[in-house]
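Student: I've just opened this one and I'm a bit lost. Can we go through it together and ask where the descriptions come from?

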Amino acid sequence: MTILHIAVFILSAWIIRSLGERPAAMWLIFAISILSLFWLQPVSPIRTLDYWLPAMMIALSILTWLVINPKQESLLANNQITLIILPVIIIGISLLRYAQLSFLSAWINPTKIGWALLFVISIAALVFLMIKGNISQSIMARCLIIIAILIFIAIKYEPLTTKLSYALRKLNHQSTDLASAQEIAWVGYSYFAFRLIHVIRDWQTGRKISINLREFIAYIFYFPAIIAGPIARIENFAYELQNRANQVTQAHTFESSKRIMHGVLCKFILADSLSLMPLNTTTVQQASGSIWMWIIIYAYALRLYLDFSGYTEIAIGISGLLGIKLPENFQRPYLSENLTIFWNRWHITLTQWFRTYYFNPLTRFIRTYRVQLPAAWIIFLTQMSTMLLIGLWHGINLNFIAWGFWNGLGLFLHNRWSEWSKQHFKSDNKNEWVAGSVKCISIFLTFNFIALGWVWFAMPTLNDSIIAFAKLFGF
Amino acid sequence: MKKIFIFMCMMLICMLVFACTPNGNAAADGTLAYLEALAKKDKNAVVSLTCKAWEDQAILEVDALMSVGSELKEVNCREVGQEGDVVMVVCSGNLNLTYNDEIRSIDLSKRTYSMVMEDGQWRMCSYQ
């Protein structure tokens, strides 16, 4: 997201806000969210891919919405305007191809109108079949989850992404020698997949939510949160959407504007300045001693936080201007006294998502399994696998696995230490100075553990990470 | 509902008319967009503004600029002729390359860009 995107989003938020409770406001949130999806998708050297990726996300969203709603004909009748607008946007954007506006090629390469029409007709046929035919919703739900995960693997596992790029280039009669994983950058897919799986899993476990297609699309592609979240829960978002007029007060506006300015300061001034001191193979090789290495590691840790939390603040601020409250994603994570607290304060909505849809069900499953495992083993298995999955979410390679393992092991060791210290130490220490010192040391140790973990995260290979660790400790 | 349906059809027709209105200077606009993307060192944009046959050369051009600062100065492009399917474009202005406070200026008017229509857009396909 650039300053231009942010400026346009703020302007959009002001226009929507000025419409108050008029239906046009809801339609604008919907339309701007869809258009932003195409606008934010970076141009790809693979022809028309930048058009197809957002179009596929829209199609998957429509199918998901059909799955979570009761199968009835009135569903289409009650949502016909949205069901007309969506194909009009998809076809309308493909028409840009014929406008011969050359600068557009630096932004989007739409497909031929015939392909766009065929796509729209195929989706319409699938929608019709789902409503009128005998396609089971539960089978469809499972298929959608599998598709979402398979796409995720395809774009996060570099060898597979390169093969995909090769295949797409061949299909487009482009040079296959230039195929590379970087050509398939699917903006917002991770957050899209999280929202989709959240909605489907809730539906599968019996949590029903009544939401029309327009609001559902607005939830999935909500423009302030497309790129970097936070991942709101659908029921909270729907509630906020319905009650947004109550939140549009002067105090809220002031607070939201403050959040945007703070976010811009964090992201575009502080984080971007710190990016001049990157943690990569070159800087590790050039670092003249362990002090420099520590400075690089601390700069990277701060930059990562300022960058990500800056984006989140901007998203929360823009959404606040609209009167829609998004969940917080960061709560001073680097001031955490231990790793458990850190992971409750860092990328909060992501960790909550993994807790709800992976950690808790897995813990329940293991606890009720016929072979009873010791508590320590259950904690190890659940925490370690959760952190490994969070690592893999960032990319499927050995370094992210190592990063997940590092944090999983840290969490497990902290858990064991807490259990042990509860039994062996009395915590009724009334001496403020001692308690304060213990707190400071805990924060220092936690921060350093996390900062060292970023080495696995930032370096391209395990070997490079080990070289960085060796330099850090003066070897 | 009927009104909305008619409105949407009208929108599509308007888009169709807009899309089919010929743009007289499209090839020159394409060259300018290519140069702008090149100056920004946006590899993906440069390749997407290039014809399929010139993609590898375009990547080399961007790679060559990676270690220097680059900026376009007063660039304007115009079509100067056509040879079969290829439209020739000439641009005025400079591409300024900065390296350690030293500025090297590339005079763009000495180049003639060949633009071809590919996948619905004018794309840069070589220069002499």
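Tutor: Sure, and keep in mind that this is a predicted model. Let's begin with the overall form of chain A.

Student: What makes the radius of gyration of chain A agree with that of a compact globule?

Tutor: For 475 residues, a compact globule would have a radius of gyration near 23 Å, and chain A comes out at 24 Å, so the two agree. Along the principal axes, the C-alpha atoms of chain A fill a box of roughly 70 × 55 × 50 Å.

Student: What is chain A built from, helices or strands?

Tutor: Helices: chain A has 21 of them and zero strands. Of its 475 residues, 36% are buried. And if you take the contacts in chain A between residues at least 6 apart in sequence, 73% join residues at least 24 apart.

Student: Why are α13(A) and α15(A) called roughly antiparallel?

Tutor: Look at residues 250-274 for helix α13 of chain A and residues 290-322 for helix α15 of chain A: their axes come within 7 Å and cross at roughly 155 degrees. Angles over 145 degrees count as roughly antiparallel, so that label fits α13(A) and α15(A). The crossing is left-handed.

Student: Which classes of residue make up the contact of α13(A) with α15(A)?

Tutor: There are 14 nonpolar, 10 polar and six charged residues in it.

Student: Now a single residue. Where is I211(A)?

Tutor: I211(A) sits in the loop between α9 (189-204) and α10 (213-220) of chain A.

Student: How do you know whether I211(A) is buried, exposed or partly exposed?

Tutor: Count the other C-beta atoms within 10 Å: I211(A) has 19. Buried takes 20 or more and exposed takes 12 or fewer, so I211(A), with its 19, is partly exposed.

Student: What is I211(A) in contact with, leaving aside its neighbours within four places in sequence?

Tutor: F216(A), I234(A) and A238(A). As for R370(A), it lies 159 residues from I211(A) in sequence and 40 Å from it in space, C-alpha to C-alpha. Contact needs C-beta atoms within 7 Å, which is how F216(A), I234(A) and A238(A) earn the word.

Student: And what is in chain B?

Tutor: Four helices and five strands. From the N terminus on, the order is α-α-α-α-β-β-β-β-β. Chain B has 128 residues, and 31% of them count as buried. Among contacts in chain B with a separation of 6 or more, residues 24 or more positions apart account for 50%.

How values were computed. Residues numbered from 1 in each chain as written. Chains lettered and ligands numbered in written order. Predicted model: local features only at pLDDT ≥ 70, side-chain atom pairs only at ≥ 80, totals over all residues. Helix = DSSP H or I, 4+ residues; strand = E, 2+ residues; numbered from the N terminus. Rg over C-alpha atoms; globule rule 2.2 N^0.38 Å. Contact = placed C-beta atoms within 7 Å. Axes fitted to C-alpha atoms, helices over the stretch in contact; angles between N-to-C directions. Parallel < 35°, antiparallel > 145°, perpendicular 65-115°, else oblique. Left-handed = near helix turned anticlockwise from the far one by under 90°. Nonpolar A, V, L, I, M, F, W, Y, C, P; charged D, E, K, R; others polar.
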